[in-house]
Each structure stands twice: as structure tokens, then as C-alpha cells.
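Work through the exercises below with the model open. Each task is followed by its solution.

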Amino acid sequence: MGERRAADNKKAPPKAKWPVLQPKLNLQITRLKDKDLFTVQNFFTPAESKAFIKAAESAGFEHQGSLGPAKGEAYRDNDRIAVNDPALADMVWQSGLSKLLSDIKIRGKAAVGLNPNIRFYRYKVGQHFGQHIDESVDLGEGKHTVYTLLVYLSGAAKTKDKSDSNNMKDSASEPIVGGETVFYGSRNRVVAEVAPAEGMALLHIHGDKCMLHEARNVSKGIKYVFRSDVVFA
């Protein structure tokens, strides 16, 4: 069961003022499953993550559900924003991913940028996304997406950033309990469980090699996620 994409462009939210990202020079990949699944710690700083949350909340989330497994769709219960923003996609790409992924080749093709279809997810207590796969998107001109990019904007470990003046005083600032992204192999064997950590990027291959995965139920706090796809050509 794949993620529905038809609703991605259903309604354009108000124009948000996204934070300006600083270049990251010392990013490192932590491989969880060869080239298929890896994380990047501190891809967004705490201040950048909080600024994205603030901008997304100001734009306004809409609830996203599904017809459920009985109708051939993964169970889905979260809130979402979808924007088509090539400038935002390029800024995130140039902030560190371009260099980090420069050595990865898939079927002779190289990573060239991010899908400008940017999504922000919000999972409140009790919300989750059931087992599903992510489909590859053909963007034309020989370009197609190969990896899902998730950047957790909130996380299980809370660190205080003295330079942050936002000082959010609601459950968005609470440490998250639950909300892990879990990947499955053959016979439903767990390959990896990734707990959300503020600013951490998670990349996994999608399309015909995509592993079945889910976003587990959030039992405390609010999980915010930045989502795009890595484009190869």
C-alpha cells in the first residue's frame, strides 16, 4: 500500500516565511542498511527546526486521513501542509545534502536536488501512519525521485538552545514519546527503529526497492517532520 499523492496539491496554504538555513560543513552519514537507509545527525540546528515549526503552524495544517487497509490504503492519521517551493527545496539541498550525497550513484545516476513538492507533517498524541511504501515520482526530463527525505523538527531528546528566543510553552516543546519510524524486511522482521531526534535527517530508498515502514503512534508531545524526496538524473 503506497502513500497517496493525489492530495498533495489539493490546496495551497498561505505563503510561509521559511527560515534561512546555514551551510553545514561537517555532516556525516550513519548507515542503518547499506545505501538503502541512513541518518544524518544535526542536519537542521535546534533554532532552524523550531523556526520551521513556527512557520508551518502559521501557514496552517490540514488533517490527512485515508480510506484504510480495507480499501487498499495504509491507515493514516496526521496533519499536513504541502507546498510547491523550488527555492525552499534548493536551499535545503545546498545546505549540506548536495555534498553529502555526491558519491552515491543509483543505476548510473547521481543526486541532483530535491523534489520541490515539500510536505510538513504533524503528529499529535494518538496519531500515526500505518505500514506503507513510498512511490518514486517521475519529474520528467530524465529526473525521478529515489530517496525519501525526512527531517525531524522535534524529537525525543530535548536540548536547550540559549540562542533560541521562541520559548514555545506548549506540547510542541515537550520531548516526544513514541513516533518512531520503523522499517520491515522479509517476514515482517524489524530492520530498524528510528526515534525522532530534533534536526536529524532520515533518508531511505523508495520506489521498487522501498522497505515497508510505518510511523508509530505518538503517546506524548507533538512530532513535526519536514518531508521531500531526493531527485536523481
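**Exercise 1.** Find which elements cover the buried residues of α1 in this predicted model.

Solution. Start with the buried residues of α1: E48, S49, K50, F52, I53, A55, A56 and A59. Then look for what covers them. The cover includes β4 (78-84), α2 (86-100), β7 (117-123), β10 (143-152) and β17 (223-232).

**Exercise 2.** Check the span of helix α1 (residues 46-59) against its 14 residues.

Solution. Take 1.5 Å a residue; the expected span is 20 Å. The end C-alpha atoms are 20 Å apart, which agrees. Next, step past the helix. Just after α1, G60 has a positive phi of about 100 degrees.

**Exercise 3.** Classify the pair formed by the rings of F44 and F226.

Solution. The distance of the centres and the angle of the planes describe a pair of aromatic rings. For F44 and F226, the centres are 5.9 Å apart and the planes are at 75 degrees. Planes over 60 degrees apart count as edge-to-face, so this pair is edge-to-face. Now place the partners. F44 is in the loop between β2 (37-40) and α1, F226 is in strand β17, and 182 residues separate them. Both are buried. F44 and F226 also belong to one aromatic cluster with W18, F43, F52 and F120.

**Exercise 4.** Describe the surroundings of Y121: is the residue buried or exposed?

Solution. Buried means under 20% relative accessible area. Y121 has 4%, so Y121 is buried. Y123, at 3%, is buried too. Y121 and Y123 form an edge-to-face pair, 6.5 Å centre to centre with 85 degrees between the planes. Finally, check for a charge. The charged end of R76 sits over the ring of Y121, 5.3 Å from its centre.

Conventions
Residues numbered from 1 in each chain as written. Predicted model: local features only at pLDDT ≥ 70, side-chain atom pairs only at ≥ 80, totals over all residues. Heavy atoms only, no water. Helix = DSSP H or I, 4+ residues; strand = E, 2+ residues; numbered from the N terminus. Expected span 1.5 Å × (residues − 1). Buried < 20%, exposed > 50% of the residue type's maximum accessible area, 1.4 Å probe, protein only. Contact = heavy atoms within 4.5 Å. Phe/Tyr/Trp six-rings, centres within 6.5 Å; stacked < 30°, edge-to-face > 60°. Lys NZ or Arg CZ within 6 Å of the ring centre and 35° of its normal.
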